[in-house]
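Welcome! Take a moment to look over the sequence and the structure below, and then we can walk through them together.

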Amino acid sequence: MSELQKAYEPQAVEEKWYSWWIERGHFTADPSSPKPAYSIVIPPPNVTGVLTLGHVLNNTLQDILARRARQTGHEVLWLPGTDHAGIATQTVVERKLRKEEKKTRHDLGRDEFLKRVWEWKEKHGGIIINQLKKLGCSCDWTRERFTMDEAYARKVQEVFVDLHAKGMIYRGKRMVNWCPVSLTALSDEEVIPKNQRGFFYHYKVEVVEKPGTFLEIATTRPETIMADAAVAVNPKDPRYTSLIGLHVRRPLPTGVEALLPIIGDEAVDFEFGTGVLKVTPAHDKTDYEIGLRHDLPVVDIFNPDATLNDLAGDEFAGLDRFEARTKAVDKLREIGLLVKEEPHENNVGFSERADVPIEPRLSEQWFLKYPKTAEARDAVRNHLIRFFPDRWEKVYDHWLENIQDWCISRQLWWGHRIPVWYPTENAKGEMGNVKCQIESPGDGWTQDSDVLDTWFSSWLWAHETMEPAALAKFFPTSVLVTGPDIIFFWVARMIMASLEYTGQVPFKDVYFTGIIRDKQGRKMSKSLGNSPDPLDLIAKYGADGIRFGLLRIAPQGQDIKFDEQQIVEGRNFCNKLWNACRFRQMQGPLNANADPSQHELSLFASDLLARLDATIRRVNEGYEAYRFSDIAQALYDFVWGDFCDRFIEVAKSDFATDSPRRAGTLATLDYTIKRILQLLHPYAPFITEELWNGLGLGTESLMHSGWPVASSFQADPRSEAVFVAVSQARNLRSTYGIPVNKRLPWQLTPAADWVKNEAPVLSNLLHSESLTFCETAPQGHAACPTHIGTIYLPLEGIIDPATEKKRLNGEITKVEAEIEKVARKLASETFVQNAPADVVAEHRQRQQDWLNRLAELQRAQSGLA
RNA sequence: GCGCGAUUAGCUCAGCGGUAGAGCGCUUGCUUCACACGCAAGAAGUCACAGGUUCGAACCCUGUAUCGCGCACCA
């Protein structure tokens, strides 16, 4: 390869290597491979989706696991795909239709509308797939799936038919969460409670049988008064027991005479509000249940879009629910029944997608009684499936313990149509006369118009995306990487579906990522504009930069406060690695099979190799425990600190002269670079592949070059001693404001013979004019005691003895404080008696070290006089 | 109300029983022949608070406070 450029330019190489990997089929999984399997299914992003930082985090993690598994000799399947995302996609296409053609989906009709959605999907869908490729994701794109693929869709319907046959799916008229914008029912999980500031409206109603006696009612929803069917009190509430059985006059709509019974029901909390509850069976879940108990009529005054209908009376019909609220309050005030409005905070359920308050609504829907709930709980409780971090186990268990039937029907067009047929003359007719099957029973039968909840298809993702051969090889999958926000939506349901249909758990481990927030800790959102576009970041800093930068600050299970500076650091790190390799390349071609153990090694080389061994172990441990940021940090520390700052600086003196160390140092560099690239490849695939090939370490992809194994090189503490000593000497120089580029004659009284061998290294690191060894302290020098001996700097013309004396005094004070600290501890009998022997010994050693240093400092001081 | 997390240097975080750490930022010096996306030196912390356990606590236990997240309630 030609000489490397001065700075790493990711844009130039990323696309090249990505297509190279694809062309060579490096990401393609082979079910017939004899290698052990490693598999991941991607959490399918919405087909409408565009890449967010959350996706970057999530998919980089999966890519890291997949790539490392390939390096450790596994046959890897990382199965990608997208989710049809019922509501989201239908909304997008409807909006486009309204904007471009001023039409609604009803203007087109069902078939034509679905045709348009498919067209949209083919044209604009799956942008995110290309974005994932830019990130470097090593998915097996030959197996890309979509939740509406023909085969997959059929499976979804088969599962419906099967569960129906087993009696676990049933149709029922129930209170459901209704989204007045999307015009569909939602599951409980799709309702997000939000704290709202509103008002508690107090109004009074007269007891018909006791004129002049009034009951005061507190409500947050006066717009539903017109649908009230009763007034309820707690039968044990002494204030009101005598009134049970009597009636009140309903105030709204005005001019309509309606009498409501006063009923007693245990559900009423007499501490809350006034202890009197208006009962609106059609528009509140609790009220509906009270209504059932007391056989109350259900009067629905809302249209599906939450405007009021004729049953609400002329004065309200046609109004939006919030307008109606204001109007209802005005009317109550007008007729003198409004007592007060007091500020009130309560939680209101919002539709996850449309972000508007949902309406409890009585409607006919399909429900699922979840299968295998007990087994699903046990699987996690007994660690058949391991959660990382494990605290999510409790959340999962709690949800399953209190699990409610799942409302799976949606009043949408885009999705898997419910495989149920009704006689045409009686569409949605009597329960007795329906057929649950995929194909039409023939003329005279009409299919249910609803589709299934999107999650009713994604819960099969882990196993229905694989054909039998792949299933045999790659299922159960190795790990699932996902956000904790879909633990109920997806993770729990996938476990149940998998247990029901494969008899196995769908994955062995689940890694829950953190949520990415902005610097102020707020969630990333479009409306806040605090969500940087990952593609911009990739263009600016390279895919490796964003991957490494983000992963380094993504500790297990903690939310991540995002700061672009961290991506800058990722980019800088890549550049550092690049330049380290560039330095090596300047010494001539690399030897891909370099073996340092065949050479005489300097103490620095030996110590570096021991640190490499330690790093390999640290990285491996990190993978065992899914501690991704630890791995990144370990690599960062080793590459930047041990390799660049220390070893390369030392190596320079080996290369400057005809040092006998040259061969050993070259071998050490080559050996280490090779392993650094292998270790770093999962985190930074592009730059490592570029360097691997560019430096001639291999002609095949680095991805199949294996994974480094820790050897048994011996750490050499002399290395550390040299660096610490050099640092102390530089400190001395810095104290006197001597610029680094000023070359000086340094002297050193070596503490051991070996120190003399390191003269070139020391001289180089100190940037000295000369370095000479002496047996005794030279006069007129500033002294700096270190573990390798005392280092001297000439005072004459540079240093004022008085200043030096002051500096030494400062040092002495510090050292004395340390000695005092250790001495106090050692003086404690209880410490000496109770602490382990090695701890005590370590303290004694520390004390001795400090005392030695003190003696040297004092000697230096007296030498000045 | 119940549960879970967080609280360590100006910022972002690591450390989870034995001398308080990193990166950034800051100060100072350096066009040192890999890198200024860099090098070197430095300043900077009663580890939220209060008790307890221990020879020894940032770390373990018990409370408290503040922030955040679930679940429940939500007239």
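Which atom of RNA strand B lies 3.0 Å from a backbone N or O atom of Thr-220? The partner is a sugar or linking oxygen of the strand. Please keep in mind from the start that this is a predicted model. The points below begin with the RNA, then turn to one helix, a pair of strands and a few buried residues.

**Around the RNA**

- RNA strand B is surrounded by 57 residues, and the closest are Phe-200, Ala-218, Asn-347, Glu-569 and Asn-579.
- By residue type, the surface near RNA strand B divides into 18 nonpolar, 20 polar and 19 charged residues.
- Looking from the RNA side, 62% of the atoms of strand B within 4 Å of the protein belong to sugar or phosphate, while the rest belong to bases.
- Bases take part in polar contacts too: a base nitrogen of RNA strand B lies 3.0 Å from a backbone N or O atom of Asp-269.
- The side chain of Asn-741 has an N or O atom 3.1 Å from a phosphate oxygen of RNA strand B.

**Which elements supply that surface**

- Several helices and strands each give at least two residues to the surface near RNA strand B, among them strand S8 (214–219), strand S13 (338–351), helix H20 (628–656) and helix H28 (837–864).
- Helix H18 (564–585) is also one of these elements, and H18 gives the most, with eleven residues.

**Helix H23, another contributor**

- Helix H23 (717–735) supplies at least two residues of the surface near RNA strand B as well.
- H23 has 19 residues and reaches 27 Å from its first C-alpha to its last, close to the 27 Å expected at 1.5 Å a residue.
- Among the buried residues of H23 are Ala-721, Val-722, Ala-725, Val-726, Ala-729, Leu-732 and Arg-733.
- An α-helix has 3.6 residues a turn, so residues three or four places apart point the same way.
- After H23 comes Gly-737, whose phi is positive, near 65°.

**Strands S1 and S2**

- Strand S1 (residues 37–41) is largely enclosed by the rest of the structure, because four of its five residues are buried.
- S1 runs parallel to strand S2 (residues 75–79), and five bridges join the two.
- Within this pairing, Ala-37 stands opposite Glu-75 in S2.

**Leu-61 and Thr-513, two buried residues in contact**

- Leu-61 is found in helix H2 (residues 53–71) and counts as buried at 2% relative accessibility.
- Leaving out residues up to four places away in sequence, Leu-61 touches Val-481, Tyr-511, Thr-513, Leu-551 and Phe-628.
- Leu-61 and Gln-845 are 784 residues apart in sequence, and their C-alpha atoms are 45 Å apart in space.
- Thr-513 sits in the loop between strand S23 (507–512) and strand S24 (516–517). Is Thr-513 buried or exposed? Thr-513 is buried, because its relative accessible area is 8% and the cut-off for buried is under 20%.
- Beyond its neighbours within four places in sequence, Thr-513 is in contact with residues including Leu-57, Asn-58, Leu-61, Val-481 and Pro-484.

**Trp-413, another buried loop residue**

- Trp-413 is found in the loop between strand S17 (409–410) and strand S18 (420–423), and Trp-413 is buried, with a relative accessible area of 13%.
- Not counting residues up to four places away in sequence, Trp-413 touches Gln-90, Arg-105, His-106, Gly-109, Arg-110, Phe-113, Leu-114 and Val-451.
- From Trp-413 to Lys-576 the separation is 163 residues in sequence and 54 Å in space, C-alpha to C-alpha.

How values were computed:
Residues numbered from 1 in each chain as written. Chains lettered and ligands numbered in written order. Predicted model: local features only at pLDDT ≥ 70, side-chain atom pairs only at ≥ 80, totals over all residues. Heavy atoms only, no water. Near = heavy atom within 4 Å. Polar contact = N/O pair within 3.5 Å; in protein donor to acceptor, adjacent residues only side chain to side chain. Nonpolar A, V, L, I, M, F, W, Y, C, P; charged D, E, K, R; others polar. Buried < 20%, exposed > 50% of the residue type's maximum accessible area, 1.4 Å probe, protein only. Contact = heavy atoms within 4.5 Å. Expected span 1.5 Å × (residues − 1). Pairing = 2+ DSSP bridges.
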